[in-house]
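Work through these exercises with the structure open beside you. Try each task before you read its solution.

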Amino acid sequence: MAAKKVTAAQLRKLDRQLVDLLNERAAAAIANGELAEARGESAADQTASGVADPAVLKYATENNDGPLTATAIQAIFRELLSGIRSANQPIRAAYLGPAYTYSHLAAIARFGQSAELVPVATIASVFDEVEQGHAQFGVVPIENSTDGRVADSLECLARLSAVANGNGSGESGATHVQICGEVPLRIHHCLLGRGARSEIRRVCSKPQALSQCRNWLAAHLPGVKLEPASSSAEAASLAAAEPDTAAIGAEQAAVNNGLSILARNIEDNAENVTRFAVIGANAAERSGRDKTALVFEAPHEPGSLADAMAIFKRHRLNLTWIESFPIPSARGRYLFFLEFQGHPAELRVKRAIASLQKKSLRLSLLGSYAESEVVG
């Protein structure tokens, strides 16, 4: 049923009530945080588990009767939680820049825009920022549903594994880094430009974005030159400078660069999702719906990997991710990254990890974290 028309004075009254309610909600959350500290929980533990709390977002959307969409409600509550966290304890999170890339959007989805979100030039730099204590968190891509693994992130996780096992050396004062969250972000590519689509002679973006839109580009822009860029943000800058150049990127990149959206959702796979890992120095709290990631090296002999995989079947643990990765400077040797549903506090998980440890040349836990719904 349509709402009745109201006067400007009545709208202002509603706005004042909203502000009062938002501050009341913030004060209650901060008070609860103080009570949590009194129970012995650290501020870091609260931060690790409480940023953009999925339970709060789910409750808000389930109790939404419109006309605002579920996406709009989630965005409003995400920023509310971000503001509360920043008022209680400022958050600094590093991500693979520049701004308005998908890594930036993943960082916003996790921490909100009230946090200090810091762009850095490489994935390795994200890890360095957290290791050296310059940022509490980092956001890095680890896999895409179309293009598979992100090698740079796995290489950094492999380096952490080597340090943890005494096969490498960390710098003095470095912090142990672990995965403490995940952000599965739905990737919607847009064609961005200044002029009409008929004027486009060149399309720029990251190689992965060009690959994920190749069928659409072949059907709608045949013969147009495809040119890789270092990031979707750089591609948007090129499109802003040259009318015959278009970029593939997020809708937000169009707003930031003054571009028009020439076509939306041009990705070939409608279920195109990139999963980002949230890394930090503190473990996430057990949520009851957790996943655990680890990395191990199996002996280079027949049946060793099969024996390792049988452990998870025997303990009824569902694997959600498995990836092999060549060990740098060790030809013929591989690390295996695994993720499974469960938490190390559970007895069957403890037993499975202990069994795998016995069959491995080395093993490192990468972290446990709450399983997250796809956002975006």
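**Exercise 1. Describe the contact between glutamate 251 and arginine 264, and place both residues.**

Step 1. The side chains of glutamate 251 and arginine 264 form a salt bridge, with N and O 3.2 Å apart. A salt bridge needs a side-chain nitrogen of Lys or Arg within 4 Å of a carboxyl oxygen of Asp or Glu.

Step 2. Glutamate 251 sits in helix H11 (residues 251-257), and arginine 264 in the loop between strand E10 (260-263) and strand E11 (273-280), so the pair ties together parts 13 residues apart in sequence. Helices (H or I, at least four residues) and strands (E, at least two) are DSSP runs, numbered from the N terminus.

Step 3. Glutamate 251 is partly exposed at 37% relative accessible area. Arginine 264 is partly exposed too, at 49%. The cut-offs are: buried under 20%, exposed over 50%, partly exposed in between (1.4 Å probe, protein chains only).

A note on the source: this is a predicted model, where local features need pLDDT of at least 70, side-chain atom pairs count only at pLDDT 80 or more, and totals for chains, interfaces and linings use all residues. Residues are numbered from 1 along each chain as its sequence is written, and side-chain values use heavy atoms, leaving out hydrogens and water.

**Exercise 2. Are arginine 362 and glutamate 297 buried or exposed? Find what links them.**

Step 1. Arginine 362 and glutamate 297 form a salt bridge, their closest N and O atoms being 3.4 Å apart.

Step 2. Arginine 362 belongs to strand E15 and glutamate 297 to strand E12, so this pair ties together parts 65 residues apart in sequence.

Step 3. Arginine 362 has 10% relative accessibility and counts as buried. Glutamate 297, at 3%, counts as buried as well.

**Exercise 3. How many salt bridges does the structure hold? Name the members of a network.**

Step 1. The structure holds 18 salt bridges.

Step 2. Salt bridges link Glu143, Glu182, Arg275, Lys291 and Glu339 in a network.

**Exercise 4. Trace the open sheet of five strands.**

Step 1. The strand order is E8-E7-E9-E6-E10, and the pairing is mixed. Two strands pair if DSSP finds at least two bridges between them.

Step 2. Strand E8 (225-228) and E10 are the edge strands, each pairing on one side only.

Step 3. Strand E7 (residues 202-205) pairs with E8 in the parallel sense, over four bridges. Serine 205 has proline 228 in E8 as its bridge partner.
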